[in-house]
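Here's a quick briefing for anyone opening this structure for the first time. Take a look at it below, then read on.

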Protein chains: 2
Amino acid sequence: MYDVENSIGFLLSKAYQRAWALLREEIEQYELTPPQFALLAFLWREDGLTQTELSETGQIDRTTLGGLIDRLEKTGLVERRPHPRDRRAYQIHLTSRGRELEVPLSDCATRTLARLTNGLTETEVSELRRMLTILRGERTVYDFPAC
Amino acid sequence: MYDVENSIGFLLSKAYQRAWALLREEIEQYELTPPQFALLAFLWREDGLTQTELSETGQIDRTTLGGLIDRLEKTGLVERRPHPRDRRAYQIHLTSRGRELEVPLSDCATRTLARLTNGLTETEVSELRRMLTILRGERTVYDFPAC
DNA sequence: TCAACATTGACAGTATACTGACTATCTGTA
DNA sequence: TACAGATAGTCAGTATACTGTCAATGTTGA
């Protein structure tokens, strides 16, 4: 008989839901959701990419990303600027407020990780990270950087 | 600098998305989604629970579950029957077609697991299962069975 | 018995996530 | 240069997932 309860897929979905809920709790005061936080975190690393580029580096669906940016624009953390050489595209930039949040939000993420992995040792967390990276599969952008 | 790309939360979300996509591919022909499949799998184990009971054993949000059942009812795999002793509640039952799908759908799930964990050894998969179970956290239903 | 409280499921509203279609624009080639 | 095909971003539509609210019904205690 098939045992959903202990299937990797089911456990992944529940572990993910818990991770989401914990992070949501930590960043609630900033009126952000976990995916919005993740997008900000990519922007802290590199600013001014187009939506398509962001969608690739962040492994976020193009249409999903559009909505994320809409909402971050509305809350004033991000802005769309016209691309200087491509009238179809935008460059996505952090506002000063979006940049200021890097330190406090990173702290939230650190606390969340601690709470989430409370039952695991540091070695186990590294192992988990390694295995999840394998499960996650190829990220075509990085696998074929210059093709 | 905060490294989203290698954070457990981000990796969980991407691993989950890949698991979803792979399972979706396998069960597409049955016009099912992964959460619908998971609900069916719980029903194969035990039939006739109320929505609230199912929501607890399956760790599925009550309102989300309502929608899942709506759609499974529409595709004829499940039916709501009035509860004999509680006029507020329904008992959720598999139809014969819902029951017939146990074997073929279980095969789909087995194939999906194989594809998903292609890069891991069997020992690693067990380790992963154990760690995800810890991350997932308490399931109040099972932790406090009779309170 | 009856009033206070709890529970069941539905509904509205919001945010992801993804598909498929579409417009505007860009690029490469004849 | 002109055109065919590719690309950037949006929009409509569907399915989860969750919050808050509500009506109907149960349950419990005075």
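What follows covers confidence, the core and the two DNA strands.

This is a predicted model, where local features need pLDDT of at least 70, side-chain atom pairs count only at pLDDT 80 or more, and totals for chains, interfaces and linings use all residues. Residues are numbered from 1 along each chain as its sequence is written, while chains are lettered from A and ligands numbered from 1 in the order in which they are written.

**Confidence**
- Chain A has a mean pLDDT (the predictor's confidence in each residue, from 0 to 100) of 93, and 93% of its residues reach 70 or more.
- Residues 140-147 of chain A stay under 50 in pLDDT, and the model has 3 contacts for them beyond four places in sequence; a contact puts two C-beta atoms, placed from the backbone, within 7 Å.

**Core**
- A:L12 and B:L12 touch the most other members of the largest nonpolar core, which has 67 residues.
- Such a core is a set of buried Ala, Val, Leu, Ile, Met, Phe, Trp, Tyr and Cys residues joined through C-beta atoms within 7 Å, buried being 20 or more other C-beta atoms within 10 Å of a residue's own.
- Neighbours within four places in sequence aside, A:L12 contacts B:L12, B:A15, B:Y16, B:A19 and B:L132.

**DNA strands**
- Around DNA strand C sit 23 residues (C-beta atom, placed from the backbone, within 6 Å), and A:D61, A:R87, B:Q51, B:T52 and B:A89 come nearest.
- DNA strand D is also surrounded by 23 residues, with A:Q51, A:G66, A:A89, B:D61 and B:R87 the closest.

How values were computed:
Buried ≥ 20, exposed ≤ 12 C-beta atoms within 10 Å, placed from the backbone.
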